[in-house]
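The following note is offered for your consideration alongside the sequence and the coordinates. It addresses one strand and one serine residue in turn.

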Amino acid sequence: MKTNVKTYIEKLRSNWKDILVSFSLANLFFLRVWHELIFADPEGQFYFRTLDQVSIAALLLNVFLLGAVILSLFILFQKNKNNILQKILAFVLFVSLIFPLNALRLLATEISITDIVEFLGRAGFGVLIFLIAVSVVYLSFKLPDRIINAVSIIYIIFSPFLILSFGQGLWAFATTDSFAQESVSEMSKELAQEADEEASKRVVWFIFDELDQRLTFEEERPDDLEINELDNLKNDGFYATNAHAPEDETILSMPAFTIGEKVKNADPKGPAELKLTSKETEETFNWSERKNIFDEISVRGGNSALSGIYLPYCRIIGDSPDICSWHPFGTIEHNKEYNLTEAMFNQLLAPFAISPFNQRRHAINVHKSVYDDAKELVTNPNLDLVLIHWSVPHFPWIYDREMADFSVFNYDLNKGYYDNLALVDQTIKDMRLAMESDGTWDDTYFIVSSDHPWRMHLFPTYDEKFDPRIPFIIRTPAENEKVTHTEDFNTVQTYDIILSILDGELNSAEEISNWLK
């Protein structure tokens with residue numbers, strides 16, 4: 001027995017280099033995950049899901065298991081001094097560098113694949129990828145020993161990061177509590193049991209991220225794009241042609257909508273607070289401490305619900321609405337996946353954010369989760385106000401209107417926005433049909449708007465023009481009531497419009513238009 005242990009230790013000593021390389025490679029493969037879970041700054045923590053033991057355990061297991069697999073392959077390839085195997089090993093090691101490099105690229109948010117494609121053009125980007133691929137293959141098969149040694153040295157240099165990562169990970173695991181979020185369906189059922197009576201008037205407020213007036217309703221819209229639901233809504237209710245968002249960033253507009261006041265600056269203060277600066281008074285205050293529209297509903301004896309993406313609503317103002325759900329956008333994990341194997345799977349996919357199979361897959365899951373929440377909420381007759389902040393038509397493109405289905409392959413800068421716009425239309429249709437089926441549509445004031453317009457400076461496609469206007473539609477329960485409002489107004493006033501509707505002061509599209517004038 002002692003001889004076997006001694007022999008095993010000697011083998012480990014002789015393979016110390018391979019062990020360091022293998023586990024350092026595995027550790028750096030999950031660099032993006034480490035950053036999000038453990039090493040994020042206060043601003044990063046603001047956008048990420050709440051840390052829990054399941055995620056930390058999944059990451060520690062992933063690094064250990066991947067390192068063990070890589071080490072096994074190392075030993076296998078080194079034991080069989082086959083020239084082809086050595087070349088394959090050189091190629092795999094060379095390619096593995098792309099993962100930590102891509103993680104660093106993702107941390108530098110000003111650099112994106114879309115920007116590179118836009119700068120080089122599709123042909124130029126294709127040539128660049130081809131040249132890089134040819135170079136990697138050529139060097140790996142021409143100079144396998146040198147490539148193996150060079151890449152191994154790189155991973156050995158960064159191997160001390162293993163101690164730092166695992167130390168922080170184990171400490172976080174020991175000091176962090178696991179959590180479970182109650183589902184919207186469960187919260188909705190609890191509210192139904194507690195409610196004394198149904199809401200006599202109700203408002204459903206849909207804010208679609210980056211929904212643009214010019215691209216949605218004017219001549220820039222392609223002839224082959226059919227968005228009948230949106231067209232019908234604007235032709236049967238209050239429709240503003242000159243509406244503006246509070247600001248051109250989500251982090252400014254969404255808080256402004258909830259408090260009814262323009263915000264000129266927003267500064268994340270850790271995972272559960274956002275410090276805001278009033279545009280009008282220059283006053284600085286915490287979002288969580290400001291009275292919001294959900295508080296106003298509660299004061300009136302009503303019920304409200306909020307489901308949204310990107311901003312951690314439930315951690316900041318979650319005590320104000322009766323029902324709250326939040327879905328992180330563009331993160332490594334989805335906030336309803338608490339199963340260990342699901343968390344491990346998502347973390348394994350996170351390094352592949354450069355591909356269409358991860359970023360878009362995650363965005364599709366986010367949309368589907370918000371969709372499920374929204375369907376539950378808009379059909380609940382006990383809710384006076386339902387606010388849904390949707391992720392579409394904002395990038396990434398996750399829909400193909402020709403197939404009428406989700407897609408992870410849509411990188412088309414010229415039609416991608418319009419594909420997502422078709423998804424917006426289909427989503428509204430599905431929600432209307434659900435409300436009609438449950439008998440809540442007839443009494444619902446249905447608002448469709450946006451947090452900011454299409455920002456051409458971020459994606460300079462189409463005609464490279466910027467238009468500050470956003471769509472703003474209110475469907476009123478009164479049938480065949482069309483009012484087109486052409487005067488300029490800022491949609492931060494939605495706050496007062498909604499409260500006036502629920503107070504019985506505004507009932508028709510014409511009254512809303514006159515009130516704004």
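**Note on a strand and a helical serine**

1. Strand β2 and strand β13 (residues 483–485) pair in the parallel sense, with three bridges between them. Within this pairing, Phe238 has Val483 of β13 as its bridge partner. It should be kept in mind that the model under discussion is predicted.

2. A second parallel pairing links β2 to strand β14 (residues 489–490) through two bridges. Here His244 stands opposite Asn490 of β14.

3. Strand β2 also pairs with strand β12 (residues 469–475), in this case antiparallel and through five bridges. Tyr239 has Ile473 as its bridge partner in β12.

4. How many of the seven residues of strand β2 are buried? Strand β2 spans residues 238–244, and six of its seven residues are buried, so the strand is largely enclosed by the rest of the structure.

5. The remaining points concern Ser140, which lies in helix α8 (residues 113–142). Is Ser140 buried or exposed? Its relative accessible area is 0%; because buried status requires a value under 20%, Ser140 counts as buried.

6. The side chain of Ser140 reaches a backbone oxygen, that of Val136, at 2.7 Å. Both the polar contact and the burial of Ser140 merit inspection in the displayed model.

7. Which residues does Ser140 contact, leaving aside its neighbours within four places in sequence? They are Lys87, Ala90, Phe91, Phe94 and Ile147.

Key. Residues numbered from 1 in each chain as written. Predicted model: local features only at pLDDT ≥ 70, side-chain atom pairs only at ≥ 80, totals over all residues. Heavy atoms only, no water. Helix = DSSP H or I, 4+ residues; strand = E, 2+ residues; numbered from the N terminus. Buried < 20%, exposed > 50% of the residue type's maximum accessible area, 1.4 Å probe, protein only. Polar contact = N/O pair within 3.5 Å; in protein donor to acceptor, adjacent residues only side chain to side chain. Contact = heavy atoms within 4.5 Å. Pairing = 2+ DSSP bridges.
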